[in-house]
Amino acid sequence: MASPSRTPVSIRTWGRPGGDAPAVGAAPVGEERPPDVIDELVQQHELLAGRLSALQRPAAEVGAAEILALTAVMDAHTHAEDAVVFPRVREMAPRTGPLLDDVHDYHTQIAQLVRLLEARAPRPADAGRVAAELAEVCSLEFRLEEREVFPAMRAVLPRGMLVSLADAVRSAVAVAPAA
(Lines give C-alpha, C1' and ligand atoms only; values in the text may rest on other atoms or scores of the structure.)
Protein backbone atom coordinates (compact mmCIF):
# COMPACT_ATOMS: atom_id res chain seq x y z
CA MET A 1 0.00 0.00 0.00
CA ALA A 2 1.41 3.40 -0.95
CA SER A 3 2.13 5.91 1.77
CA PRO A 4 -0.27 8.82 2.00
CA SER A 5 1.14 12.06 0.61
CA ARG A 6 2.96 14.20 3.12
CA THR A 7 3.65 17.84 3.60
CA PRO A 8 7.25 18.67 4.52
CA VAL A 9 7.52 19.36 8.23
CA SER A 10 10.29 21.17 10.05
CA ILE A 11 11.52 19.42 13.17
CA ARG A 12 12.46 22.87 14.48
CA THR A 13 8.94 24.31 14.53
CA TRP A 14 6.68 21.30 14.36
CA GLY A 15 4.34 21.05 17.32
CA ARG A 16 5.52 24.30 18.88
CA PRO A 17 2.91 26.87 19.94
CA GLY A 18 3.19 29.81 17.58
CA GLY A 19 5.44 27.83 15.26
CA ASP A 20 8.66 29.31 16.64
CA ALA A 21 10.88 26.79 18.32
CA PRO A 22 13.82 27.60 20.53
CA ALA A 23 17.09 26.95 18.76
CA VAL A 24 17.36 23.21 18.27
CA GLY A 25 20.33 21.82 20.13
CA ALA A 26 20.74 24.91 22.28
CA ALA A 27 23.34 24.50 24.99
CA PRO A 28 21.91 23.67 28.41
CA VAL A 29 21.24 26.67 30.63
CA GLY A 30 24.39 27.93 32.30
CA GLU A 31 26.77 26.34 29.82
CA GLU A 32 28.83 28.45 27.43
CA ARG A 33 29.44 26.04 24.61
CA PRO A 34 28.06 25.65 21.12
CA PRO A 35 25.45 22.92 20.80
CA ASP A 36 26.64 19.62 19.45
CA VAL A 37 25.03 16.66 17.73
CA ILE A 38 24.14 15.00 21.03
CA ASP A 39 22.28 18.12 22.18
CA GLU A 40 20.46 18.15 18.83
CA LEU A 41 19.46 14.49 18.94
CA VAL A 42 18.36 14.59 22.58
CA GLN A 43 16.14 17.56 21.84
CA GLN A 44 14.65 15.69 18.88
CA HIS A 45 14.04 12.67 21.13
CA GLU A 46 12.17 14.86 23.61
CA LEU A 47 10.07 16.40 20.85
CA LEU A 48 9.23 13.03 19.32
CA ALA A 49 8.39 11.45 22.69
CA GLY A 50 6.01 14.31 23.44
CA ARG A 51 4.29 14.04 20.08
CA LEU A 52 3.96 10.25 20.41
CA SER A 53 2.39 10.74 23.80
CA ALA A 54 -0.06 13.23 22.30
CA LEU A 55 -1.12 10.64 19.70
CA GLN A 56 -2.31 8.37 22.47
CA ARG A 57 -5.27 10.67 23.21
CA PRO A 58 -8.78 9.41 22.53
CA ALA A 59 -9.06 8.57 18.82
CA ALA A 60 -11.69 11.24 18.19
CA GLU A 61 -9.09 13.89 19.04
CA VAL A 62 -6.32 12.61 16.74
CA GLY A 63 -6.31 13.72 13.12
CA ALA A 64 -4.71 12.16 10.07
CA ALA A 65 -2.59 15.28 9.48
CA GLU A 66 -1.14 14.99 12.99
CA ILE A 67 -0.24 11.34 12.38
CA LEU A 68 1.40 12.11 9.04
CA ALA A 69 3.35 15.03 10.52
CA LEU A 70 4.72 12.75 13.24
CA THR A 71 5.73 10.06 10.76
CA ALA A 72 7.50 12.62 8.54
CA VAL A 73 9.53 13.92 11.46
CA MET A 74 10.27 10.40 12.73
CA ASP A 75 11.56 9.43 9.27
CA ALA A 76 13.71 12.58 9.11
CA HIS A 77 15.20 11.90 12.54
CA THR A 78 16.13 8.27 11.89
CA HIS A 79 17.43 9.20 8.43
CA ALA A 80 19.75 11.81 9.98
CA GLU A 81 21.07 9.32 12.52
CA ASP A 82 21.51 6.50 10.00
CA ALA A 83 22.92 8.54 7.11
CA VAL A 84 24.96 11.19 8.91
CA VAL A 85 25.82 10.44 12.53
CA PHE A 86 26.23 6.73 13.01
CA PRO A 87 28.43 6.03 9.97
CA ARG A 88 30.90 8.61 11.34
CA VAL A 89 30.67 7.15 14.85
CA ARG A 90 31.25 3.64 13.50
CA GLU A 91 34.29 4.89 11.56
CA MET A 92 35.82 6.81 14.48
CA ALA A 93 34.83 4.43 17.29
CA PRO A 94 34.66 0.85 15.97
CA ARG A 95 33.96 -0.51 19.46
CA THR A 96 30.49 1.06 19.23
CA GLY A 97 29.59 -1.35 16.42
CA PRO A 98 27.43 -3.69 18.54
CA LEU A 99 25.56 -0.73 20.07
CA LEU A 100 24.98 0.78 16.64
CA ASP A 101 23.76 -2.60 15.38
CA ASP A 102 21.19 -2.57 18.18
CA VAL A 103 20.16 0.98 17.25
CA HIS A 104 19.79 -0.13 13.63
CA ASP A 105 17.50 -2.96 14.74
CA TYR A 106 15.35 -0.43 16.62
CA HIS A 107 15.28 1.84 13.57
CA THR A 108 14.03 -1.08 11.47
CA GLN A 109 11.21 -1.71 13.97
CA ILE A 110 10.42 2.00 14.07
CA ALA A 111 10.23 2.20 10.27
CA GLN A 112 7.80 -0.73 10.17
CA LEU A 113 5.59 0.86 12.84
CA VAL A 114 5.72 4.24 11.09
CA ARG A 115 4.46 2.62 7.88
CA LEU A 116 1.65 0.93 9.84
CA LEU A 117 0.74 4.23 11.49
CA GLU A 118 0.65 5.97 8.10
CA ALA A 119 -1.64 3.28 6.74
CA ARG A 120 -4.02 3.96 9.62
CA ALA A 121 -3.88 7.76 9.29
CA PRO A 122 -7.12 7.95 7.28
CA ARG A 123 -8.78 6.11 10.19
CA PRO A 124 -7.23 7.65 13.34
CA ALA A 125 -9.43 5.45 15.54
CA ASP A 126 -7.27 2.51 14.40
CA ALA A 127 -3.97 4.28 15.07
CA GLY A 128 -3.88 4.29 18.89
CA ARG A 129 -2.47 0.79 19.37
CA VAL A 130 0.24 1.35 16.75
CA ALA A 131 1.13 4.74 18.26
CA ALA A 132 1.46 3.13 21.71
CA GLU A 133 3.72 0.40 20.32
CA LEU A 134 5.80 2.97 18.43
CA ALA A 135 6.13 5.05 21.60
CA GLU A 136 7.38 2.00 23.51
CA VAL A 137 9.99 1.06 20.88
CA CYS A 138 11.13 4.69 20.58
CA SER A 139 11.50 4.94 24.35
CA LEU A 140 13.79 1.92 24.36
CA GLU A 141 15.77 3.21 21.39
CA PHE A 142 16.13 6.72 22.83
CA ARG A 143 17.27 5.26 26.16
CA LEU A 144 19.92 3.10 24.45
CA GLU A 145 21.27 6.08 22.53
CA GLU A 146 21.23 8.49 25.46
CA ARG A 147 22.68 6.09 28.05
CA GLU A 148 25.19 4.18 25.95
CA VAL A 149 25.78 5.50 22.43
CA PHE A 150 25.98 9.23 23.20
CA PRO A 151 28.43 8.86 26.13
CA ALA A 152 30.63 6.69 23.89
CA MET A 153 30.48 9.40 21.23
CA ARG A 154 31.51 12.09 23.74
CA ALA A 155 34.41 9.93 24.91
CA VAL A 156 35.82 9.30 21.43
CA LEU A 157 34.81 12.02 18.98
CA PRO A 158 36.56 15.40 19.05
CA ARG A 159 34.36 18.27 20.24
CA GLY A 160 34.67 20.04 16.88
CA MET A 161 33.35 16.97 15.09
CA LEU A 162 30.38 16.75 17.48
CA VAL A 163 29.53 20.39 16.72
CA SER A 164 29.91 19.96 12.95
CA LEU A 165 27.75 16.83 13.05
CA ALA A 166 24.96 18.92 14.62
CA ASP A 167 24.93 21.11 11.51
CA ALA A 168 24.97 18.03 9.29
CA VAL A 169 22.02 16.54 11.20
CA ARG A 170 20.01 19.74 10.82
CA SER A 171 20.72 19.69 7.08
CA ALA A 172 19.84 15.98 6.77
CA VAL A 173 16.58 16.50 8.65
CA ALA A 174 15.70 19.35 6.31
CA VAL A 175 16.17 17.21 3.18
CA ALA A 176 15.26 13.73 4.42
CA PRO A 177 13.32 11.76 1.84
CA ALA A 178 9.69 10.99 2.57
CA ALA A 179 9.05 7.28 2.54
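**Entry 1: Asp36 and its partners**

I began with Asp36, which is buried at a relative accessible area of 0%. The model is predicted, and I read every value below with that in mind. I looked for a charged partner and found Arg154, whose side chain meets that of Asp36 in a salt bridge (2.4 Å, N to O). Asp36 sits in the segment before α1 and Arg154 in helix α4, so that this pair links distant parts of the chain, 118 residues apart. Unlike the buried Asp36, Arg154 is partly exposed, at 37% relative accessibility.

I then asked which other residue forms a salt bridge with Arg154. Asp39 does, with the closest N and O atoms 3.7 Å apart. Because Arg154 lies in helix α4 and Asp39 in helix α1, this pair ties together parts that are 115 residues apart in sequence. Asp39 is buried, with a relative accessible area of 12%.

**Entry 2: Other salt bridges**

I noted 10 salt bridges in the structure. One of them joins the side chains of Asp167 and Arg170 at 2.5 Å, N to O. These two residues are 3 residues apart in helix α5, and therefore about one helical turn separates them. I recalled that an α-helix has 3.6 residues a turn, so residues three or four places apart point the same way. Asp167 is partly exposed, its relative accessible area being 42%. Returning to the earlier group, I recorded that salt bridges with shared partners join Asp36, Asp39, Arg154 and Arg159 into one network.

**Entry 3: The chain as a whole**

I next looked up the overall layout. The chain has 5 helices and 0 strands, in the order α-α-α-α-α along the sequence. It has 179 residues, of which 44% count as buried. Of the contacts between residues at least 6 apart in sequence, 74% join residues at least 24 apart. The accessible surface comes to about 8,700 Å², and carbon and sulfur atoms account for 56% of that area.

**Entry 4: Helices α3 and α4**

I compared two helices with their expected spans. Helix α4 covers residues 128-156 and reaches 40 Å from its first C-alpha to its last, close to the expected 42 Å. I also found a kink of about 35° in α4, centred on Glu145. Helix α3, with 24 residues, reaches 35 Å, close to the expected 34 Å. The buried residues of α3 pack against α2 and α4; among them are Tyr106, His107, Leu117 and Glu118.

**Entry 5: The nonpolar core**

Which residues touch the most other members of the largest nonpolar core? I listed Val37, Val85, Leu117, Leu134 and Met153, out of 47 residues in that core. The elements giving two or more residues to this core are α1, α2, α3, α4 and α5. I followed Leu117 further: beyond four places in sequence, Leu117 touches Leu55, Ile67, Leu70, Thr71, Ala127, Val130, Ala131 and Leu134.

**Entry 6: Gln56**

My last query was Gln56, in the loop between α1 and α2. Is Gln56 buried, partly exposed or exposed? Gln56 counts as partly exposed because its relative accessibility is 40%, between the limits of 20% and 50%. Gln56 is in contact with Ala131, Ala132 and Ala135, leaving aside its neighbours within four places in sequence. The C-alpha atoms of Gln56 and Gly128 are separated by 5.7 Å, although these residues are 72 residues apart along the chain.

Methods: Residues numbered from 1 in each chain as written. Predicted model: local features only at pLDDT ≥ 70, side-chain atom pairs only at ≥ 80, totals over all residues. Heavy atoms only, no water. Helix = DSSP H or I, 4+ residues; strand = E, 2+ residues; numbered from the N terminus. Buried < 20%, exposed > 50% of the residue type's maximum accessible area, 1.4 Å probe, protein only. Contact = heavy atoms within 4.5 Å. Areas by Shrake-Rupley, 256 points an atom, 1.4 Å probe, with all protein chains shown as cover. Expected span 1.5 Å × (residues − 1). Bend = angle between axes of the 7 residues up to and from the residue. Core = buried A, V, L, I, M, F, W, Y, C linked by side-chain atoms within 4.5 Å. Salt bridge = Lys/Arg side-chain N within 4 Å of Asp/Glu carboxyl O.
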